[in-house]
Amino acid sequence: MLNFMKPIFSKEKSKPQVIAELVSLVILNPAFLGIIILVIGVLRSKMSQIETLAWLLGVLTLNGLIPILFYLFFTKKGHVFDDTLDNPKVQKERIGFFMIFICLVSGQLLILASTKQYQPLLAILSGGLIALIMVMGITYFWKISLHSGMTTIFVLMLIYLYGIEKIWPSFFLIPLVFWSRIVLFRHTLAQLL
C-alpha cells in the first residue's frame, strides 16, 4: 500500500471516516480536480499536436509536480494545510500555499495571453486565477473549504465545456464533498457553503 494511503486505512477510523477520507483526499482532491479541468481545457482547445503536448506537459508540471514538491517540502517542515476545526493556525498557513498556486496560474495565463489565446483554456485559467484570489482573500479572515469550492468550480467548468444536459449528474459531487468534510470534522456547514 502507498505510504500516503496508510493513514486513511488506520484501524481507529470508522467506515464513514475511511470513505470520507477517500472522497476528500483521493477522489475530490482540489489539486487533482484542478489538473483534470486544465487537461480537459487543453484537449478541448484547438491547437496543434505539438502545442497540445507542450501545454499538457506544462499543466502537469506546473499544476501537479511543482505544488506536490512544495507541499512535501512544507509538510516536512511541520506546516499543516488540512486539519480539524480545532486548529486555527492552519487557516493562516494555507495563504502561502495559495500564493504558490496564484503565481503558477498567473505565469500560465501570461504565457497563454502572449501567444495564441486558445479557448476554453484561457477561460479556465482566468476563472481559476480569479477563484484562487477570492478564496485566498476570504481564507485570510475566515476558514472556508477549498474542497467544496474546487468541486463546485469543477462542476461549473464541466457544464461550461459540455453543457448541463450531459453533465448534470456531476452536481452530486458537491453534496458528497460536503458530507466528507463534515464527517472528517474539517469544516462547518457555513464554511462549506
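**View 1. A nonpolar patch on the surface of the predicted model.** This is a predicted model, and we start on its outside. Six residues, Ile130, Met134, Ile138, Tyr140, Phe141 and Trp142, make a nonpolar surface patch of about 690 Å². Find isoleucine 130 to get your bearings: this residue sits in helix α5, which covers residues 121-141. Isoleucine 130 counts as exposed because its relative accessible area is 52%, and the cut-off for exposed is over 50%.

**View 2. The whole chain, for orientation.** Step back for a moment and take in the overall build. The protein chain has nine helices and zero strands, so reading along the sequence just gives α-α-α-α-α-α-α-α-α. Of the 193 residues in the chain, 41% are buried. The accessible surface comes to about 11,000 Å², and carbon and sulfur atoms account for 74% of that. Now for the contacts between residues with a separation of 6 or more: 67% of them join residues 24 or more positions apart.

**View 3. Inside the largest nonpolar core.** Here we look at what is packed away. The largest nonpolar core has 43 residues, and those with the most contacts inside it are Ile37, Val42, Trp55, Leu112, Leu121 and Leu125. Helices α2, α3 (49-76), α4, α5, α6 (146-162) and α8 each supply at least two residues of this core. The largest share comes from α4, with 10 residues.

**View 4. Valine 42 and the residues it touches.** Let's zoom in on one member of that core. Leave out residues up to four places away in sequence, and valine 42 touches Met47, Thr52, Trp55, Leu56, Val59 and Leu121. Two of these, Trp55 and Leu121, are also listed with Val42 among the residues with the most contacts inside the core.

**View 5. Isoleucine 36 and leucine 60.** Now look at isoleucine 36, which lies in helix α2 (residues 30-44). This isoleucine is partly exposed, at a relative accessible area of 25%. Leucine 60 is 24 residues away along the chain, and the C-alpha atoms of the two are separated by 9.5 Å.

**View 6. Leucine 25 and histidine 147.** This view pairs two residues from distant parts of the sequence, 122 residues apart along the chain. Their C-alpha atoms are separated by 9.2 Å. Leucine 25 belongs to helix α1 (residues 15-27). At 36% relative accessibility, leucine 25 counts as partly exposed.

**View 7. The salt bridge.** How many salt bridges does the count come to? The answer is one. The partners are lysine 13 and glutamate 21, whose side chains meet at 3.0 Å, N to O. Are these two partners buried or exposed, or something in between? Lysine 13 is partly exposed, with a relative accessible area of 25%. Glutamate 21 has a relative accessible area of 8% and therefore counts as buried, as the cut-off is under 20%.

**View 8. The aromatic pair.** A search of the whole structure finds one aromatic pair. Tryptophan 168 and phenylalanine 172 form it, edge-to-face, at 6.3 Å centre to centre and with 65° between the planes. Those two values are given because a pair of aromatic rings is described by the distance of the centres and the angle of the planes. Tryptophan 168 is partly exposed at 48% relative accessibility, whereas phenylalanine 172 is exposed at 56%. You'll find tryptophan 168 in the loop between α7 (164-167) and α8. Another residue to look for is leucine 156: tryptophan 168 is 12 residues from it in sequence and 10.0 Å from it in space, C-alpha to C-alpha.

**View 9. A cis peptide bond at proline 120.** Which peptide bond is cis, with omega near 10°? Look at the one from glutamine 119 to proline 120. Proline 120 sits in the loop between α4 (89-114) and α5.

**View 10. Phenylalanine 185 and its positive phi.** We finish in another loop, between α8 (173-183) and α9 (189-192), where phenylalanine 185 has its place. Phi of phenylalanine 185 is near 60°, a positive value in a residue other than glycine. With a relative accessible area of 41%, phenylalanine 185 is partly exposed.

Definitions and conventions
Residues are numbered from 1 along each chain as its sequence is written. This is a predicted model: local features need pLDDT of at least 70, side-chain atom pairs count only at pLDDT 80 or more; totals for chains, interfaces and linings use all residues. Side-chain values use heavy atoms; hydrogens and water are left out. A salt bridge is a side-chain nitrogen of Lys or Arg within 4 Å of a carboxyl oxygen of Asp or Glu. Buried means under 20% relative accessible area, exposed over 50%, partly exposed in between (1.4 Å probe, protein chains only). Helices (H or I, at least four residues) and strands (E, at least two) are DSSP runs, numbered from the N terminus. Patches are made of residues with over 30% relative accessible area and no salt bridge: like charges are joined within 9 Å, nonpolar side chains (Val, Leu, Ile, Met, Phe, Trp, Tyr) within 5 Å. Accessible areas come from the Shrake-Rupley method with a 1.4 Å probe; for residues, only the protein chains shown count as cover. Rings of Phe, Tyr and Trp (its six-membered ring) pair if their centres lie within 6.5 Å; planes under 30 degrees apart count as stacked, over 60 as edge-to-face and the rest as tilted. A nonpolar core is a set of buried Ala, Val, Leu, Ile, Met, Phe, Trp, Tyr and Cys residues joined through side-chain atoms within 4.5 Å. Contact means heavy atoms within 4.5 Å.
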